[in-house]
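Me: Please take a close look at the salt bridges in the model shown below, and set them in their surroundings. I would like the cut-offs stated along the way.
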Amino acid sequence: MRRILAVATLMVAMSGCREPKLAVASGSLELVPAHFDFGAVYPGQSTSISLKIRNYNRIAVTLKWSMPTGPFSASALPAVAPSGELEVVITFAPQGAGTFEGLISLQPEGFEPLVSHVSGTAFEVPNCPQLDGCASAQF
């Protein structure tokens with residue numbers, strides 16, 4: 001009887017000492033906006049936007065960037081996204097006329113790639129008529 005009581009006590013003690021299983025913590029990342037049209041500028045001009053990286057995780061995430069070629073550039077692309085929100089300035093500065101498109105892609109370590117589509121247009125600089133000498137007008 002003592003043996004059964006000892007085994008029962010041991011089983012109760014062992015079942016009460018188990019630690020709960022740890023849940024896997026998973027968050028997400030977001031790149032905002034997913035698409036941005038810079039509109040139209042003339043060659044030699046520039047316009048910028050703020051691209052936001054939202055890290056909904058409790059830890060920082062390592063980032064790898066891929067920028068489009070052409071008139072799109074970024075200021076200091078971060079290698080790590082801390083928990084919370086981070087802004088990156090993207091600039092459209094065409095040197096010639098045309099319509100431009102590209103993809104900014106971000107590969108966060110351990111997550112699916114994120115992509116933002118950017119586009120912009122550069123108008124041809126208009127030819128202004130050359131005036132010979134002075135001109136006058138009467139109203």
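Reply: Glutamate 87 counts as partly exposed at 46% relative accessibility, where buried stands for under 20% relative accessible area, exposed for over 50%, and partly exposed for what falls in between (1.4 Å probe, protein chains only). The model is predicted, so local features need pLDDT of at least 70, side-chain atom pairs count only at pLDDT 80 or more, and totals for chains, interfaces and linings use all residues. Residues are numbered from 1 along each chain as its sequence is written, and side-chain values use heavy atoms, with hydrogens and water left out.

The side chain of glutamate 87 meets that of lysine 52 in a salt bridge, at 3.9 Å from N to O, the term being reserved for a side-chain nitrogen of Lys or Arg within 4 Å of a carboxyl oxygen of Asp or Glu. The pair links distant parts of the chain, with glutamate 87 in strand E7 and lysine 52 in strand E3, 35 residues apart; strands (E, at least two residues) and helices (H or I, at least four) are DSSP runs, numbered from the N terminus. Lysine 52 is partly exposed too, with a relative accessible area of 23%.

By this rule the count comes to 3 salt bridges, and arginine 54 takes part in the pairs described next. Its side chain meets that of glutamate 85 at 2.7 Å, N to O; since glutamate 85 lies in strand E7 and arginine 54 in strand E3, the pair ties together parts that are 31 residues apart in sequence. The side chains of arginine 54 and glutamate 30 also meet in a salt bridge, at 3.7 Å from N to O, and here strand E3 is joined to strand E1, with the partners 24 residues apart. Glu30, Arg54 and Glu85 are thus linked in a network of salt bridges. As for accessibility, arginine 54 is partly exposed at 25%, glutamate 30 is partly exposed at 31%, and glutamate 85 is partly exposed at 46%. Side chains of opposite charge can pair when their charged atoms come close.

Strand E3 (47-55) and the strands that it meets through these pairs also supply nonpolar residues. The largest nonpolar core has 19 residues, and those with the most contacts inside it are Phe38, Ile53, Leu63, Trp65, Ile90 and Leu106; a core of this kind is a set of buried Ala, Val, Leu, Ile, Met, Phe, Trp, Tyr and Cys residues joined through side-chain atoms within 4.5 Å. At least two residues of this core come from each of strand E1 (29-32), strand E2 (35-41), E3, E4, strand E7 (84-92), strand E8 (98-108) and E9. In soluble globular proteins, nonpolar side chains tend to be buried together. Isoleucine 90, setting aside residues up to four places away in sequence, touches Thr47, Ser48, Ile49 and Leu51, among others including Phe38 and Ile104, contact being heavy atoms within 4.5 Å.

Just past strand E3, asparagine 57 lies in the loop that leads to strand E4 (61-66). Asparagine 57 is buried, with a relative accessible area of 11%, and its side chain makes a polar contact of 2.7 Å with the side chain of asparagine 55; such a contact is a pair of N or O atoms within 3.5 Å, where within protein one must be able to donate a hydrogen and the other to accept it, and residues adjacent in sequence count only if both atoms are side-chain atoms.

Strand E1, which holds glutamate 30, is followed by a loop with backbone geometry of its own. A cis peptide bond joins valine 32 and proline 33, with omega at about 0 degrees, and proline 33 lies in the loop between E1 and E2. Elsewhere, alanine 76 has a positive phi of about 40 degrees although it is not a glycine, and this residue lies in the loop between strand E5 (72-74) and strand E6 (80-81). Most residues other than glycine have a negative phi, and most peptide bonds are trans.

For the wider setting, the protein chain has 1 helix and 9 strands, and along the sequence the helix precedes the strands in the pattern α-β-β-β-β-β-β-β-β-β. Buried residues make up 23% of the 139 residues in the protein chain. Among contacts between residues at least 6 apart in sequence, 63% join residues at least 24 apart.
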